[in-house]
Amino acid sequence: MSSKLPFSITFRVFYPSAQCRTRVTNTVKQAPSVRSFTTTSRKRAIAAPPIDLSPQDDMPPQNVRNARVVPASPSYFSGRPDFTDNLLNLQALLRRYQTLPTVAPGQAPRVAWRTISQYRLLVGEPVRASKYHQVIEILKRLNQIHPAVMPGDLQEATRIYKRDINPYAVAKRPSVIDEDGRACGIGRRKSSTAKVFLVQGEGQVLINGKNINQIFGRIHDRESALWALKATSRMDKYNVWALVSGGGTTGQAEALTLGTAKALMVHEPDLKPTLRRAGCVTRDPRRVERKKPGKLKARKMPAWVKR
């Protein structure tokens, strides 16, 4: 079957002569004229209409469904937004006024700061004690700024952390030596309490009416109980009568350390720096952490078993 095309194809072959080839070569060597294609003459396409950002009070927002309330605080979605805002505000104030002249810590104005329980009621959030300690440290540093150059905004910002009491009106009742020459000091450690009576003598020690060797079997506990006298070389100059209760031997021994140091400072107040360097003046607040449900101890988890 023969297929016939509706049009005819003609092949024409052209062989140029020598003169023609020379003329074509010279033409190629000349700089060709390049036609530039530009789009300036055409109207450019617009992907979207321009957005008018100028404020228009008389017109409502265009996308009402997409509108949302933006919180004023960046920490709104955190667990403790008020505390975080307060901490960030104090840190910003500290960075701004840290170059102002300061006074010595002992010469700073006395301020009664809010306790952790009072601050929790103020913000209504379960703030941890370690987190609130950061706030107190910043407040103490800001309080050391010289009162003559204290900025007004700083005083206004720290006012919410102060208690409404006169700190100078609360005076500690001084300990005195009674008519029998005894000085009393009370010390606590964990759940133990020790009431110590110190009087000048030859170095006798009675605890709950018994010898110290009968109360404390460990040498370490005996040294801890009398560490205040040993650190100041007063072992053979005072007699010690003490009443201890609660806790174990370690807590009772360290409670005796604090009580003995307080009673010794009544007799000789000049020994306070020495006792502070020996670690006998500061109350140790550490306690055993309670056991948690689902755990073997305070933090120990049971062994994981695959099957």
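In this predicted model, strand β3, which spans residues 205-207, runs parallel to strand β5, residues 238-245, and the two are joined over 3 bridges. Within that pairing, I207 stands opposite A242 of β5. Strands of a sheet pair through backbone hydrogen bonds, and they may do so in either the parallel or the antiparallel sense.

The β3-β5 pair belongs to an open sheet of 5 strands, whose order is β1-β2-β5-β3-β4 and whose pairing is mixed. At its edges lie β1 (183-189) and β4 (210-211), each of which pairs on one side only. Moving to the edge formed by β1, one finds this strand running antiparallel to β2, with 7 bridges joining the two, and with G187 standing opposite A194 in β2. The hairpin of β1 and β2 has 2 residues between the strands, and in it K190 takes a positive phi near 55°.

The two faces of β1 can be told apart by what covers them: A183, G185, G187 and R189 make up the covered face, whereas C184, I186 and R188 make up the uncovered one. As for the helix that packs on this sheet, α9, residues 249-267, lies across β1, β2 (192-200), β3 and β5, and runs at about 150° to β1.

Both β1 and α9 return when one turns to the empty space in the model. Rolling a probe the size of a water molecule over the atoms shows where such space is left. The largest pocket holds about 560 Å³ of space, and the elements that give two or more residues to its lining are β1 and α9. In total, 14 residues line this pocket, and those nearest its centre are K172, R173, S175, K262 and V266. By character, the lining divides into 8 nonpolar, 2 polar and 4 charged residues.

Elsewhere in the chain, the loop between α2 (81-97) and α3 (116-123) contains Q107. Is the residue at this position, Q107, buried or exposed? Q107 has a relative accessible area of 64%, and because a residue counts as exposed when this value is over 50%, Q107 is classed as exposed. The same residue also comes together in space with a distant part of the sequence, for Q107 and Q144 are 37 residues apart along the chain, while their C-alpha atoms are 8.2 Å apart.

How values were computed: Residues numbered from 1 in each chain as written. Predicted model: local features only at pLDDT ≥ 70, side-chain atom pairs only at ≥ 80, totals over all residues. Heavy atoms only, no water. Pairing = 2+ DSSP bridges. Helix = DSSP H or I, 4+ residues; strand = E, 2+ residues; numbered from the N terminus. Contact = heavy atoms within 4.5 Å. Axes fitted to C-alpha atoms, helices over the stretch in contact; angles between N-to-C directions. Buried < 20%, exposed > 50% of the residue type's maximum accessible area, 1.4 Å probe, protein only. 1 Å grid on protein atoms, 1.4 Å probe; cavity = no way out; pocket = protein on both sides within 12 Å on 5 of 7 lines; lining within 4 Å. Points joined across faces, edges and corners; volume = space filled by probe spheres on them. Nonpolar A, V, L, I, M, F, W, Y, C, P; charged D, E, K, R; others polar.
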